[in-house]
Amino acid sequence: MVKKRVWAGLFLGALLLVTGCSVEKTDAAKGRNIDFTLVEESQIPEELKTLIEEKKAQEFKMTFDTGEFRYIIVGYGTQKTGGYSITVDALYDTENAIYIRTNLIGPAKGETVAEAKSYPYVVVKIEFLDKSVVFE
């Protein structure tokens, strides 16, 4: 009787191990990382500055092409204070599209920040590629 319980326990334990594990799907078609430049406000084309100004109060994602370059812009809308930054966590292309993933980072605890509203956004400049942009 004890042997049956031991075997049953081992079987259930093995079953839980097998069903409790997960497999993470890797993206074999990720493609290549794209070289990019973070564009300072003074270097943003005037037409693009106007578009950003119109959209900055709400979250937005857009592209702007000049023929030679593509600008990829991600805005995070109105924030209550200053002190925010944005990271570009991934920017790569595949056979069919360009993928970008950004992240908004809030001010650190205890950091002195402007108490005025802010409108964090990032402008990324890449060589023009005739592909759609996917915002992750």
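This report walks through a predicted model of a protein chain, from its overall layout to a few of its side-chain pairings.

## The overall layout

Let's begin with the chain as a whole. Its secondary structure comes to two helices and eight strands. Read from the N terminus, the elements follow the order α-β-β-α-β-β-β-β-β-β.

The protein chain has 136 residues, and 28% of them are buried. Contacts can also be sorted by how far apart the partners are in sequence. Taking the contacts with a separation of 6 or more, 68% are between residues 24 or more positions apart.

## A sheet of four strands

A good landmark to find next is an open sheet of four strands, in the order 2-7-4-3 and with antiparallel pairing. Its edges are strand 2, residues 37-38, and strand 3, residues 59-65, each of which pairs on one side only.

Strand 3 has strand 4, residues 69-76, as an antiparallel partner, and seven bridges join the two. To see one of these links up close, look for Met 62, whose bridge partner in strand 4 is Ile 73.

Now look for the helix that goes with these strands. Helix 2, made of residues 46-55, lies across strand 3, strand 4 and strand 7 (121-127). Relative to strand 3, helix 2 runs at about 165°.

## Rings that pair

Aromatic side chains are another helpful set of signposts, and the model has two aromatic pairs. In one of them, the ring centres of Phe 64 and Tyr 71 are 6.2 Å apart and the planes meet at 55°, so this pair is tilted. Phe 64 and Tyr 71 are both buried.

The other pair is Tyr 92 with Tyr 99, and this one is stacked, with 5.2 Å from centre to centre and 10° between the planes. Are these two residues buried or exposed? Tyr 92 has a relative accessibility of 5%, so it counts as buried. Tyr 99, at 23%, counts as partly exposed.

## Charges over rings

Rings in this model also meet charged side chains. The charged end of Lys 56 sits over the ring of Tyr 119, at 4.5 Å from the ring centre. Lys 125 has a similar placement with Phe 69: its charged end sits over that ring, 4.2 Å from the centre.

Lys 56 is worth a second look, as its side chain also meets that of Glu 53 in a salt bridge, at 3.0 Å from N to O. Glu 53 is partly exposed, with a relative accessible area of 49%.

## Salt bridges

How many salt bridges does the structure hold? The count is six. One of them joins Lys 49 and Glu 46, whose closest N and O atoms are 3.4 Å apart. These two residues are three apart in helix 2, so about one helical turn separates them. Glu 46 is exposed at 55% relative accessibility, while Lys 49 is partly exposed at 26%.

A further salt bridge brings together the side chains of Arg 101 and Glu 136, with an N to O distance of 3.0 Å. Arg 101 belongs to strand 6 (residues 97-105) and Glu 136 to the segment after strand 8 (132-135), so the pair ties together parts that are 35 residues apart in sequence. Arg 101 is partly exposed, with a relative accessible area of 35%, and Glu 136 is partly exposed too, at 41%. Elsewhere, a network of salt bridges links Arg 32, Asp 93 and Lys 131.

## A buried loop residue

To finish, here is a residue outside the strands. Where does Thr 81 sit? Thr 81 is found in the loop between strand 4 and strand 5, the latter covering residues 85-93. This threonine is buried, with a relative accessible area of 15%, which is under the 20% cut-off for that class.

Which residues touch Thr 81, leaving aside its neighbours within four places in sequence? Its contacts are Pro 107, Val 113, Ala 114, Glu 115, Ala 116 and Ser 118.

Note on methods: Residues are numbered from 1 along each chain as its sequence is written. This is a predicted model: local features need pLDDT of at least 70, side-chain atom pairs count only at pLDDT 80 or more; totals for chains, interfaces and linings use all residues. Side-chain values use heavy atoms; hydrogens and water are left out. Rings of Phe, Tyr and Trp (its six-membered ring) pair if their centres lie within 6.5 Å; planes under 30 degrees apart count as stacked, over 60 as edge-to-face and the rest as tilted. Buried means under 20% relative accessible area, exposed over 50%, partly exposed in between (1.4 Å probe, protein chains only). A charge sits over a ring if NZ of Lys or CZ of Arg is within 6 Å of the ring centre and within 35 degrees of the ring normal. Two strands pair if DSSP finds at least two bridges between them. Contact means heavy atoms within 4.5 Å. Axes are lines fitted to C-alpha atoms, for helices over the stretch in contact, and angles run from 0 to 180 degrees between N-to-C directions. A salt bridge is a side-chain nitrogen of Lys or Arg within 4 Å of a carboxyl oxygen of Asp or Glu.
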